[in-house]
Structures are given as C-alpha cells and as structure tokens.
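Here is my note on the structure you sent, set out as numbered points. Please read each point with the coordinates open beside it.

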Amino acid sequence: MEKITQENFDQLYVDPIEQRQIDHFVCKEMGRQIHRYIKAMSGRKCIMEKFEEQLSKLSEAEKEEAIARYIDLNRKAISGLDFKLVVARAFANYCDTFEYMVEMINNAQKLDFYLKRVKAKYIQFHEVFEQDGKFGIRDHRGQQLVSPQYEFLRTCYTYVDDLVTMPIIAQKDGKMGLILPDRHDTVVAEFVYDDIQLRDEPPYFDAFIGKKKVPLVPTPAAALQAPAPQKKHKEK
C-alpha cells in the first residue's frame, strides 16, 4: 500500500466521515435500483412496499448485506447498471457545492476507491461447482454453502423478502428433497420425491410421488416466507 505523504494526501486519504456518508448514500441508491427492478418485473406496488418495509428494519450494514443477497439471487437487477453513476449520485448527495462534487468525481483515485468498495459490497455471487460428477455451492468468498453430493441443484429467486433463506431443491440418489444453503446441508424435506416444483403462494412447493401431488411443508417453517420463482442450474 502506498504511503500517505503531504503530496498525495488528497488522493489517498479517505475521511472516515466521508466514507460513512458515501456508503449511506450508495446504499440508498442501490435500494432504489432494486425498487425499480421489482416494479419492472411485477408491476405490483405491494411487492415494492414489502421489500422496503423489510429493509427499513435493518441497520446500514444489514441493508448492504440484504441487498447483496437479493442481487445474488436476482442478478438481472443490476443488468446494465452503471456503478459510476451510483457513486456519482452518492457524491452529489454528500457534497454541499457543485464544485466540490465535480472535484470528487474528477479525482480518479477516489472514484476508483469507491467503485471497488461498492462492487465488493454488492456483487457477492454464489456459484454452483462440480466435483466428481456431483454439484455443490460456494459463496462469493469461495466458502462452501452446499457440499458437492447432489445430482441436481435449483436455487430460488426471491422477489419480495430477501431476508429469508429459501430452501434449495436438490436431487440425491435419484430422489428430490429440500436443503438449506447453511454450510451444514440441513435437510428440510426428505429425499423421497420424484419431482418438486415451485409455486407463488404458501407453501411455495408442490411435491410429486409418481404423478400424484402430495403435501410438502418444509421444516423449519420460518425458512419459507416469500414467493420464489425458480432458477435452474443445468448439469455440465
């Protein structure tokens, strides 16, 4: 890391108050982007209000984490998003004069610092990986969320309440069940089904044995509080 000197002080030093305020305004802007995405996807005001209600209960750090998790499951939410514009809007909200805002934007090192900071906070994508012909899931740090012991995995999009850990549909030994991405492969529905499908209302899953639909209410029930359209990860 480059040493801070009198000559490079303005380029390298980041005022902690400035940083905290920029983080705050970036968080508000990212929440606004999700708001717009939900509106475009569903056109339902109640869904946007539900999302904002959930975020309003959180601390700033918890909001950042919740938005990052939402984006991870709804990656189209930032499709085409210019993060420079996000940072510029945060600068505009922070600065008390136009000249100061222009100075911040034209400071290439400062702009780069905040761009990297924003992306590190909000782009935290999980990945499905294959090992010995089986599939697992890692988080953005490479830490294992689901061990590679499944023939098939399907994560769930969450459009309303990103604070909920939705189960993952998994296949093991030819049968379908539900697990949580909690690093422990917690089973919330046993592997006894021939098929599991998602639905938009409680209990959010339809299970089938043969062609017969059977009740499926995963446990713990607290894991299921949000509608969940689906995302299928295909085997390689």
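1. In this predicted model, strand E4 and strand E5 (residues 168–172) run antiparallel to one another and are paired over three bridges. Within that pairing, Arg 154 stands opposite Ile 169, which belongs to E5.

2. On its way to the next strand, E5 is joined to E6 by five bridges, and these two strands also run antiparallel. One of the bridge partnerships to look at is that of Lys 172 with Lys 175, the latter lying in E6. The hairpin formed by E5 and E6 has two residues between the strands, and there Asp 173 takes a positive phi near 55 degrees.

3. Strand E6 (residues 175–179) is in turn joined to E7 by three bridges, again with the strands running antiparallel. Here Ile 179 has Val 187, in E7, as its bridge partner.

4. Taken together, these strands form an open sheet of four strands in the order E4-E5-E6-E7, with antiparallel pairing. Strand E4 (152–154) and strand E7 (187–193) are its edge strands, each of them pairing on one side only. Direction ignored, neighbouring strands of this sheet are turned by 15 degrees against each other on average.

5. A further open sheet has three strands in the order E1-E2-E3, and its pairing is likewise described as antiparallel. Why is one side of strand E1 and of strand E3 left without a neighbour in the sheet? Strand E1 (127–131) and strand E3 (144–150) stand at the edges and each has a single partner strand, so one side of each has no neighbour there. For this sheet, the average turn of neighbouring strands against each other is 20 degrees, direction ignored.

6. Within this three-stranded sheet, E1 and E2 run antiparallel and are joined by five bridges, and Gln 131 has Lys 134 of E2 as its bridge partner. The hairpin of E1 and E2 has two residues between the strands, where Asp 132 takes a positive phi near 55 degrees. Strand E2 (residues 134–138) then pairs with E3 in the antiparallel sense over three bridges, and the bridge partner of Arg 138 in E3 is Gln 144.

7. Turning to the helices, helix H5 (residues 83–94) packs with helix H7 (residues 108–122) at an angle of about 110 degrees, and their axes are 10 Å apart. H5 and H7 are therefore roughly perpendicular to each other, and their crossing is right-handed. From H5, the residues Phe 83, Lys 84, Val 87 and Phe 91 meet Lys 110, Leu 111, Tyr 114, Leu 115, Val 118 and Lys 119 of H7. By class, the residues of this contact of H5 with H7 are seven nonpolar, three charged and no polar.

8. H5 also packs with helix H6 (residues 98–106), at an angle of about 145 degrees and with the axes 9 Å apart; the crossing of H5 and H6 is right-handed. On the H5 side the contact is made by Ala 88, Phe 91, Ala 92 and Tyr 94, and on the H6 side by Tyr 100, Met 101, Met 104 and Ile 105. What classes of residue make up the contact of H5 with H6? It has eight nonpolar residues, no polar residues and no charged residues. Phe 91 deserves a look in both places, given that it is listed in the contact with H7 and in the contact with H6.

9. A last point concerns charged side chains. Side chains of opposite charge can pair when their charged atoms come close. The structure holds 11 salt bridges, and one of them joins the side chains of Arg 32 and Glu 29, at 2.9 Å from N to O. Arg 32 and Glu 29 are three residues apart in helix H2 (residues 16–42), so about one helical turn separates them.

Note on methods. Residues are numbered from 1 along each chain as its sequence is written. This is a predicted model: local features need pLDDT of at least 70, side-chain atom pairs count only at pLDDT 80 or more; totals for chains, interfaces and linings use all residues. Side-chain values use heavy atoms; hydrogens and water are left out. Two strands pair if DSSP finds at least two bridges between them. Axes are lines fitted to C-alpha atoms, for helices over the stretch in contact, and angles run from 0 to 180 degrees between N-to-C directions. Angles under 35 degrees count as roughly parallel, over 145 as roughly antiparallel, 65 to 115 as roughly perpendicular and the rest as oblique. A crossing is left-handed if the near helix is turned anticlockwise from the far one by less than a right angle, and right-handed if clockwise. Contact means heavy atoms within 4.5 Å. Ala, Val, Leu, Ile, Met, Phe, Trp, Tyr, Cys and Pro count as nonpolar, Asp, Glu, Lys and Arg as charged, and the others, Gly among them, as polar. A salt bridge is a side-chain nitrogen of Lys or Arg within 4 Å of a carboxyl oxygen of Asp or Glu.
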